[in-house]
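Welcome to a guided look at one protein fold. Keep the sequence and the 3D view side by side as you read.

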Amino acid sequence: MVSGGGRRAYLDHAATSVLRPAARQAFADASLVPGNPSSVHATGRRARAVLDDALEHIAELLTVPRSWLIMTSGGTEADNLAIRAVAAGAVATNPARTAVAVAATDHPAVVATARSLRSLTPSIDARLLPVDGQGILQADRVADALADGAVSVMSTALVNNETGALQDLAALGAIARAHGTLVHTDAVQGVGHVTQPSWDDVDLLSLSGHKIGAPVGVGALVAKPDVPFGVTSTGGGQQRGVRSGTLDLALAASFAAALQETVRDREQESRRVRALARSLRDGIRQIDPSARLTLPEDSPQSGHIVHVVFPGAHSDSLLFLLDERGVDSSAGSACSAGVTQASPVLAAMGFSEEDARGALRLSLGWTSTEHDVEVFLQALPESLHRARAVGALFG
């Protein structure tokens, strides 16, 4: 709670959103249904009916046949399958497909997976696609990377998880098709905030339940039927043989409920959240004219992320000080083995390590209100002053 007993400001929806009541209820209802949905007896068939209803609903909301769905434990597993399993399947089908290409600013679930391929399959290389200063892939650089026909799958996030940069998948998809390259997009941060890409432009799409108000532990990889998958897990052969195992019908039902509200309310929520984001940006400028918004307002981006760099501030200290004053937010850096490292996303966009130290990500979602904005703006001046005092020690 904030000082005075008020409600905290939750500005970290890009990390995880708040569980939706409809998703909670759907989970509770489905969890009371006994039986393994793969069993053929009456109890199993009843469980299967609940699961089938959830999967049909998810597919309908995503405008795809149900056979395209591969349910996963979340976005990370979906991204792993889209890179690792597809790369393995493609090279088995066509030995000339010896590379994958991923945006340099993508989530570690994509970039780290691509980089790991060589150790598992020495014949497959990873190519990092550079971005400009606004985090956008450049068509000519992408075309150069795909020109030799070796890239089986190209991956880029629809919306960057750190900055909110929005990629032009229609343009990228056209380039990829010219070279026979499949296109995967991590849409974890995009669903509910931007228009879903056309299935003419992408072949695979990753989703995560807890970013839209479903529980942690459920997600999906949507894949066209002609996408080649190598075998990365074995068992009962469920889900096209790509991901064996008994599906959790309660998680599937809760995911369907959350996705329904997310898709239904997207346009209205997008307008509302963008207005809150404008209030955040305007307030930040008034408090600190030296603050640098990572993306210009006219740059392609989702409306739910405000990413800002405060020159001279120490972001870890800023996070702690804001937390003390009732604000939940994220920094633009990651801590590995106790050592704070500059954000690879900001580095790829041309930010210096010194600038990246003062980065802060504020992300909005379905529960966000003006109260969250007000609490943050009240907490920022003193928090920023003290974070800069710490930053001076590192100068």
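What follows is a short tour of two sheets, some helices, one ring pair and one residue.

This is a predicted model, in which local features need pLDDT of at least 70, side-chain atom pairs count only at pLDDT 80 or more, and totals for chains, interfaces and linings use all residues. Residues are numbered from 1 along each chain as its sequence is written, and side-chain values use heavy atoms, with hydrogens and water left out.

**The seven-stranded sheet**

Helices (H or I, at least four residues) and strands (E, at least two) are DSSP runs, numbered from the N terminus. Two strands pair if DSSP finds at least two bridges between them. Seven strands make up an open sheet with mixed pairing, in the order β2-β8-β7-β6-β5-β3-β4. At its edges stand β2 and β4 (125–129), each pairing on one side only. From one strand to the next, the twist averages 20°.

Look at the β2 edge. Four bridges connect β2 with β8 (residues 219–223), and the two run antiparallel. I70 has L221 of β8 as its bridge partner, while T72 sits opposite G219 in β8. Both faces of β2 are covered, with L69 and M71 buried on one side and I70 and T72 buried on the other. Buried means under 20% relative accessible area, exposed over 50%, and partly exposed in between (1.4 Å probe, protein chains only).

**Helices on the sheets**

The second open sheet has four strands in the order β9-β10-β15-β12, with antiparallel pairing. Its edges are β9 (292–293) and β12 (330–331), each with a single partner strand, so one side of each has no neighbour in the sheet. Two bridges link β9 to β10 (residues 305–309), and R292 has V309 of β10 as its bridge partner.

The table lists helices that touch strands of the sheets. Contact means heavy atoms within 4.5 Å. Axes are lines fitted to C-alpha atoms, for helices over the stretch in contact, and angles run from 0 to 180 degrees between N-to-C directions.

| Helix | Strands touched | Angle |
|---|---|---|
| α3 (residues 75–93) | β2, β3, β5, β6, β7 and β8 | about 155° with β7 |
| α5 (residues 139–146) | β3, β4 and β5 | about 155° to β5 |
| α8 (residues 266–287) | β9, β10 and β15 | about 15° with β10 |

Helix α8 also packs against α12 (residues 370–393) at an angle of about 15°, with the axes 10 Å apart. The two helices are therefore roughly parallel (under 35 degrees; over 145 is roughly antiparallel, 65 to 115 roughly perpendicular and the rest oblique). Residues in this contact include L276 and L280 of α8, and F376 and L377 of α12.

**A pair of rings**

How many aromatic pairs does the structure hold? There is one. The ring centres of W68 and W199 are 5.5 Å apart and their planes meet at 85°, so the pair is edge-to-face. Rings of Phe, Tyr and Trp (its six-membered ring) pair if their centres lie within 6.5 Å; planes under 30 degrees apart count as stacked, over 60 as edge-to-face and the rest as tilted. W68 lies in the loop between α2 and β2, and W199 in the loop between β6 and β7, so the pair ties together parts 131 residues apart in sequence. Both W68 and W199 are buried.

**One residue in focus**

Is L117 buried or exposed? L117, in helix α4 (residues 108–120), is buried, with a relative accessible area of 2%. Leaving aside neighbours within four places in sequence, L117 has contacts that include I83, A87 and V100. The C-alpha atoms of L117 and A87 lie 8.4 Å apart, although 30 residues separate them along the chain.
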